[in-house]
Amino acid sequence: RSQPVESQIRVGDQLATIRYSQIDMGQPENIFDGDIYTLMRGLEANPFIIELEFPEPRPISQISADLANMDFTLSAQLFSSPDLAPIVYETTQRGVPGDPHVDLVIDHGPELVSKLRLEILSLNSGDRPHIHVRELNLSP
């Protein structure tokens with residue numbers, strides 16, 4: 001159960017490689033379909049990990065995420081090249097009513113991203129939560 005799953009997914013105009021924690025509901029395509037009522041639900045992973053590798057590096061100025069009701073830390077590691085250290089952005093949200101929406105503004109680079117690793121850590125579900133990811137948007 002701790003082994004990541006790998007497949008291909010369309011993100012914008014690119015076919016990207018996606019690696020993610022095991023899921024028990026939904027499909028990776030659901031988080032990029034523009035519909036917050038479809039989702040991908042993690043199977044007991046905390047943090048729940050989503051990693052995207054782009055065949056052509058792309059600009060990302062903001063990462064928007066719609067999740068299910070929980071207290072959480074969202075960490076984004078942006079790599080300009082797989083062999084360089086990432087630039088990290090992070091936010092912690094507590095006591096948000098309903099299903100939280102979070103925007104991470106990417107204002108300190110990198111200019112182009114070849115790999116993005118997201119970690120969603122549930123702060124109040126122990127080590128076996130079912131983290132719901134409803135939608136992700138990577139703004140250029």
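Guide: Two rings of Phe, Tyr or Trp count as a pair if their centres lie within 6.5 Å. Keep that cut-off in mind. The model above is predicted.

Visitor: How many aromatic pairs does a search of the whole structure find?

Guide: Zero. No two ring centres meet the 6.5 Å limit, so nothing is called an aromatic pair.

Visitor: What makes you say that Arg58 lies over the face of Phe54?

Guide: Take the distance. Arg58 is at 5.3 Å from the ring centre of Phe54. The limit is 6 Å, and the charge must also be within 35 degrees of the ring normal. Arg58 is listed as lying over the face, so both conditions are met. Lys115 lies over the face of Phe79 in the same way, at 4.5 Å from the ring centre.

Visitor: How do you know that E1 and E2 pair?

Guide: Count bridges. Strands pair if there are at least two between them. E1 and strand E2 (residues 14-20) have seven, so they pair. They run antiparallel. One bridge links Val5 to Tyr20 in E2.

Visitor: What order do the strands of the six-stranded open sheet have?

Guide: The order is E1-E2-E5-E10-E7-E8, and the pairing is antiparallel. Strands of a sheet pair through backbone hydrogen bonds.

Visitor: Why are strand E1 and strand E8 said to stand at the edges?

Guide: Each has a single partner strand. One side of E1 (5-11) and one side of E8 (87-93) are therefore left without a neighbour in the sheet. Neighbouring strands of this sheet are turned by 20 degrees against each other on average, direction ignored.

Visitor: What makes strand E7 largely enclosed by the rest of the structure?

Guide: Buried means under 20% relative accessible area. Eight of the eight residues of E7 (residues 72-79) fall in that class, so the strand is largely enclosed. Both faces are covered. Phe72, Leu74, Ala76 and Leu78 are buried on one side. Thr73, Ser75, Gln77 and Phe79 are buried on the other.

Visitor: Which strands pair with E7?

Guide: E8 pairs with E7 over seven bridges. Strand E10 (residues 113-122) pairs with E7 over eight. Both pairings are antiparallel. Leu74 has Thr91 in E8 as a bridge partner, and Leu78 has Leu116 in E10.

Visitor: Which residues touch the most other members of the largest nonpolar core?

Guide: Ile50, Phe54, Ile60, Ile63 and Leu116 do, in a core of 33 residues. Several strands each supply at least two residues of this core, including E1, E2, strand E5 (48-58) and strand E6 (62-67). Nonpolar side chains tend to be buried together in soluble globular proteins.

Visitor: What is Ile63 in contact with, leaving aside its neighbours within four places in sequence?

Guide: Contact needs heavy atoms within 4.5 Å. Among the residues that Ile63 meets are Ala76, Val102, Leu104, Leu116 and Leu138. Leu104 in E9 is also the bridge partner of Ile63. Five bridges join E6 to E9.

Visitor: Where does E9 stand in the open sheet of five strands?

Guide: The order is E3-E4-E11-E6-E9. E9 is an edge strand, as is strand E3 (23-26), and each pairs on one side only. The twist averages 25 degrees from one strand to the next.

Visitor: Why is Glu6 called buried, partly exposed or exposed?

Guide: Exposed starts over 50%. Glu6 has 51% relative accessibility, so Glu6 counts as exposed. Its place is in strand E1. The C-alpha atoms of Glu6 and Arg19 are 4.4 Å apart, although 13 residues separate them in sequence.

Visitor: How do you know which exposure class Asp33 belongs to?

Guide: Asp33 has a relative accessible area of 36%. That falls between 20% and 50%, so Asp33 is partly exposed. Asp33 is found in the loop between E3 and strand E4 (40-42). Leaving aside neighbours within four places in sequence, Asp33 is in contact with Thr38 and Glu135.

Visitor: What is the phi of Glu44?

Guide: Near 65 degrees, a positive value in a residue other than glycine. Most such residues have a negative phi. Glu44 is found in the loop between E4 and E5. At 25% relative accessibility, Glu44 counts as partly exposed.

Visitor: Which peptide bonds are cis?

Guide: One runs from Asn46 to Pro47, with omega near 15 degrees. Another joins Gly109 and Pro110, with omega about 5 degrees. Most peptide bonds are trans. Pro47 is found in the loop between E4 and E5, and Pro110 lies in the loop between E9 and E10.

Terms used
Residues numbered from 1 in each chain as written. Predicted model: local features only at pLDDT ≥ 70, side-chain atom pairs only at ≥ 80, totals over all residues. Heavy atoms only, no water. Helix = DSSP H or I, 4+ residues; strand = E, 2+ residues; numbered from the N terminus. Axes fitted to C-alpha atoms, helices over the stretch in contact; angles between N-to-C directions. Buried < 20%, exposed > 50% of the residue type's maximum accessible area, 1.4 Å probe, protein only. Core = buried A, V, L, I, M, F, W, Y, C linked by side-chain atoms within 4.5 Å. Phe/Tyr/Trp six-rings, centres within 6.5 Å; stacked < 30°, edge-to-face > 60°.
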